[in-house]
Amino acid sequence: MLLAGVCVFIPFVGPIVIKGWLITGFWGRQDERSETFPDFDFSNFGKYLERGLWPFLVTLISSFGLGLIMAIVIVPIAMITALMVPNNNSAGSGCAGAILFIIMMILYAGMIVGMMFVLTPLTLRASITQDFGQSFNFAFVKKFIALVWKEILLSSLFLLAASIVLSCIGVLALCIGIYFATVPIYFCWIHLHKQLYQLYLSRGGEPIPLSPKLSDIPLAPAV
């Protein structure tokens with residue numbers, strides 16, 4: 001975990017490498033006992049980068065597209081409602097402004113939750129298939145959300161709370177600790193992805209073809 005934390009200091013590439021190592025540990029081994037989870041090995045840096053690249057690209061492109069949709073929806077609503085707010089300094093103006101703020105926050109929160117529902121199956125599929133094109137299987141996304149939408153919501157809320165706690169602890173550790181807190185946060189999220197996938201399969205979901213690229217590193221048991 002400490003060696004992986006060093007990668008966080010590498011701009012842009014570091015988080016991708018960490019995710020690649022975790023994808024190797026969660027999806028690239030047959031023996032799923034905790035003691036066989038592979039240690040972070042800098043000699044596999046290139047492979048980790050390759051394995052973390054696809055979910056990163058899928059998340060980046062999807063987030064950009066979903067963010068654009070959010071902007072198209074929220075900005076006109078904000079402009080229309082702002083025009084409806086009185087321009088004077090009366091109590092009615094302040095009340096209308098507060099209502100506008102609450103409406104915008106509800107819309108924003110709803111769209112963030114919607115984004116998590118879409119990004120979770122897309123990122124999961126990208127991690128398993130190791131392919132950009134195969135990740136955008138919208139029939140899979142639809143079925144995945146239908147089968148485990150409650151668990152996606154709960155796991156997202158849990159990760160948000162855990163991230164806040166770990167980040168605060170990292171800040172207290174001379175601020176440097178916040179970089180190393182990134183590793184357990186990523187570990188939690190990919191671990192939750194695997195649990196969601198197993199739950200999806202148990203409820204009748206179709207399995208995702210596992211990429212042979214995930215088994216081309218010999219894994220030795222962690223000491």
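K194 counts as buried in this predicted model, because its relative accessibility is 11% (buried means under 20% relative accessible area with a 1.4 Å probe, protein chains only). The residue sits in helix α7, helices being DSSP runs of H or I with at least four residues, numbered from the N terminus. Its side chain gets to 2.4 Å from the backbone oxygen of F26.

Local features here need pLDDT of at least 70 and side-chain atom pairs 80 or more, while totals for chains, interfaces and linings use all residues of the predicted model. Residues are numbered from 1 along each chain as its sequence is written, and side-chain values use heavy atoms, without hydrogens or water.

Helix α6 (138–172) is anything but straight: a kink of about 80° is centred on V148, taken as the angle between axes fitted to the seven residues ending there and the seven starting there. With 35 residues, α6 has its end C-alpha atoms only 43 Å apart, against the 51 Å of a straight helix at 1.5 Å a residue (1.5 Å times one less than the number of residues). V148 itself is among the buried residues of α6, as are S156 and L159.

S156 and L159 turn up again in the largest pocket, where they lie nearest the centre along with M116, L119 and W189. In all, 25 residues line this pocket, and α4 gives the most, with eight. Helices α2, α3, α6 and α7 also supply at least two residues each.

Note on methods: 1 Å grid on protein atoms, 1.4 Å probe; cavity = no way out; pocket = protein on both sides within 12 Å on 5 of 7 lines; lining within 4 Å. Buried < 20%, exposed > 50% of the residue type's maximum accessible area, 1.4 Å probe, protein only. Polar contact = N/O pair within 3.5 Å; in protein donor to acceptor, adjacent residues only side chain to side chain.
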